[in-house]
Amino acid sequence: MRRNQVAVVGAAETTELGVIPNMSQIQLHADAALNAIADASLKLSDIDGFATAVETPQQMAHYLGITPTWVDGTSVGGCSFMLHVRHAAAAIEAGLCKTVLITHAESGKSMIGKQPRFTAPDSLNGQFEAPFGVYGPPSMFPIPVLRFMKTHGITHEQLAMVAVVQREWAAKNPRATMKDPITVADVLNSRMIAYPFRLLQCCLVTDGGGALILTSADRAKDFPQKPVYILGTGESVETPMVSQMKTFDSSRAFKVAGPLAFKEAGISHKDVDHLMIYDAFAHLPLYGLGDLGFMPHEETGKFIADGNTRPGGKLPLNTNGGGLSYMHSGMYGMYALQESVRQMRGIAPAQVPNAKISVCHGVGGMFAASGTIIFTNEK
Amino acid sequence: MAEPARAKPKPTPETQHFWDGTKAGELRLQRCDACANVYFPPRPFCPSCASRKVSVFKASGKGKLYSYVINHRPAAPGFTPPYAIAVVELDEGPRMMSNIIDCPQTPEALELDMPLEVAFEALDDKITLPLFRPAKG
């Protein structure tokens, strides 16, 4: 894909985040979509391309009153929206559509109009994982981390610092769910969820949503918001069974998607001003820093513990507070994208001064999928 | 009312040999006749070279502890927390999820790379699960 040919011209989250007991899941999608439409000064009738995940494109397009000529229902978990951005950019470049709306929302906390997850007993997961007591992401996502720690020499205190540093960012964000400062001791004394992870190393469970609008860079200059260009993209999948990852020392899906995006963008790691790495659990930023090539995995724990990713550090990471402290409705990738767009527009609550390049990296399932988008505000 | 039971696998045509094996007290894997790749979970072709010529064989049942969590909450139906959910690296190469029995469910007792051996636990007259215990001797 060519660089900077497509731009984000509309971006918004749901009006409220956190606990939203008065809206169903499809209405949360609509709330985010209408906010993004207003942000871009568009009408719904201007939208000719539509992508969403979990909810089907036909469900949401009909609810919103959209008649698309291009749809994408890629649903690979929380990074689905990174893949949607990549696919939408390709579709716009190919002339399949002009203006794409991507929506995410989840009634993750209130569970209104949300279908429960179900693992069929004759699926591979149902036969070879479910019988051994996996029960939701906290029992599955951390399974690789003890091996990762042993291989790379990562300590429990370093993994606690991931949560501590992200709370520092959240404290600067009025919309963050959790803003009170925490210490390493607070993290290591919080309730055990799935050893080695405790409550403060697990993401929040909230309600909310977000939406993006993309169009060609040529048209983007006519919109009211500062365009945020798509500089590079990557995607991959590995396995829906965490036990069957090629190795627990790294994520194959990360190692494919991340470098693909860097190569496409034509940038090196020192060019990155701002970084988002989807943090469903505290180990993900460490996998991300290593697998995206910022540093060897062995150095990731110390890099974060030494303060390099905190406010004022040389590599600002998860500047909204992340899934650990900002919000996490179930598929957090959309909120990571929203924060990258805010940083590139220069309007983030914890704005990184003069940030010009933002890398936004997402995970889907338990290391099952990955998508990386690199944004810039300079064409 | 019966206690909630643990999730029970339902075999498919491609996995039936595996579940027939555990019922007979054997851990069965597949090996590619063309490239010798040993793989899991079961399927009637080699995921490495795509050959359909593959053979089922009885594995040694030996392996080591690759990684795990000790789950505290929420607990799956049929489990009393805290319980370890483990991934075992078999001597033949493939890894599989399982539980570790005859061993305290603590970080001190569950050492990475500790040798393990398979044990079989019947859920009913159709399904027997492959579990693992610390290897003797």
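Two strands count as paired if DSSP finds at least two bridges between them, and helices (H or I, at least four residues) and strands (E, at least two) are DSSP runs, numbered from the N terminus. This is a predicted model, in which local features need pLDDT of at least 70 and side-chain atom pairs count only at pLDDT 80 or more, while totals for chains, interfaces and linings use all residues. Residues are numbered from 1 along each chain as its sequence is written, and chains are lettered from A and ligands numbered from 1 in the order in which they are written.

**Chain B: the three-stranded sheet**

Begin by selecting strands 1, 2 and 3 of chain B, which make an open sheet of three strands in the order 2-1-3, with antiparallel pairing. Strand 2 and strand 3 of chain B stand at the edges and have a single partner strand each, so one side of each is left without a neighbour in the sheet.

Next, select residues 28-32 of chain B, which are strand 1, together with residues 54-58, which are strand 3; five bridges hold this antiparallel pair. Two positions are useful for checking the register: Cys32(B) lies opposite Val54(B), and Leu29(B) lies opposite Phe57(B).

On the other side of the pairing scheme, strand 2 (residues 38-39) of chain B meets strand 1 in the antiparallel sense over two bridges, and Arg31(B) has Val38(B) as its bridge partner there. Strand 1 and strand 2 of chain B form a hairpin with five residues between them, and Ala36(B), in the turn, has a positive phi of about 70°.

**Chain B as a whole**

Now show the whole of chain B, whose secondary structure comes to one helix and eight strands. The radius of gyration of chain B (taken over C-alpha atoms) is 16 Å, close to the 14 Å that the globule rule (2.2 Å times the number of residues to the power 0.38) gives for 137 residues, so chain B is as compact as a globular protein of that length. Along its principal axes, the C-alpha trace of chain B spans about 45 × 40 × 25 Å.

Of the 137 residues in chain B, 32% are buried, a residue being buried if 20 or more other C-beta atoms lie within 10 Å of its own, exposed if 12 or fewer, and partly exposed in between, with C-beta atoms placed from the backbone.

Select residues 59-121 of chain B, which carry the UniProt annotation "domain: ChsH2 C-terminal OB-fold" from an unreviewed entry; positions from UniProt are given in the numbering used here, feature names are shortened, and annotations may be inferred rather than shown by experiment. Over this range the chain is 0% helix and 46% strand, and the end C-alpha atoms are 17 Å apart.

**Where the chains touch**

Display both chains and look at their contact, which takes 28 residues from chain A and 31 residues from chain B (two residues are in contact if their C-beta atoms, placed from the backbone, lie within 7 Å). On chain A, helix 4 (124-128), helix 6 (145-152) and strand 5 (192-195) each supply at least two residues of the side that touches chain B.

Zoom in on strand 5 of chain A and strand 4 (residues 62-71) of chain B, which run antiparallel and are joined by two bridges; Tyr195(A) has Ile70(B) as its bridge partner.

**Chain A: helix 3, strand 9 and a loop**

Select residues 80-94 of chain A, helix 3, whose 15 residues reach 21 Å from first C-alpha to last, close to the 21 Å expected at 1.5 Å a residue (the expected span is 1.5 Å times one less than the number of residues). Helix 3 of chain A is mostly covered, with 12 of its 15 residues buried, among them Phe81(A), Leu83(A), Val85(A) and Ile92(A). Just after this helix, Gly95(A) takes a positive phi of about 80°.

Move on to strand 9 (residues 274-277) of chain A, from which His274(A) and Met276(A) point one way and Leu275(A) and Ile277(A) the other way, all of them buried. Four bridges pair strand 9 in the parallel sense with strand 10 (residues 357-364) of chain A, where His361(A) stands opposite Ile277(A).

Finish at Arg175(A), in the loop between helix 7 (156-170) and helix 8 (184-189) of chain A. Arg175(A) is partly exposed, with 16 other C-beta atoms within 10 Å, and lies 8.7 Å from Asn320(A), C-alpha to C-alpha, although the two are 145 residues apart in sequence.
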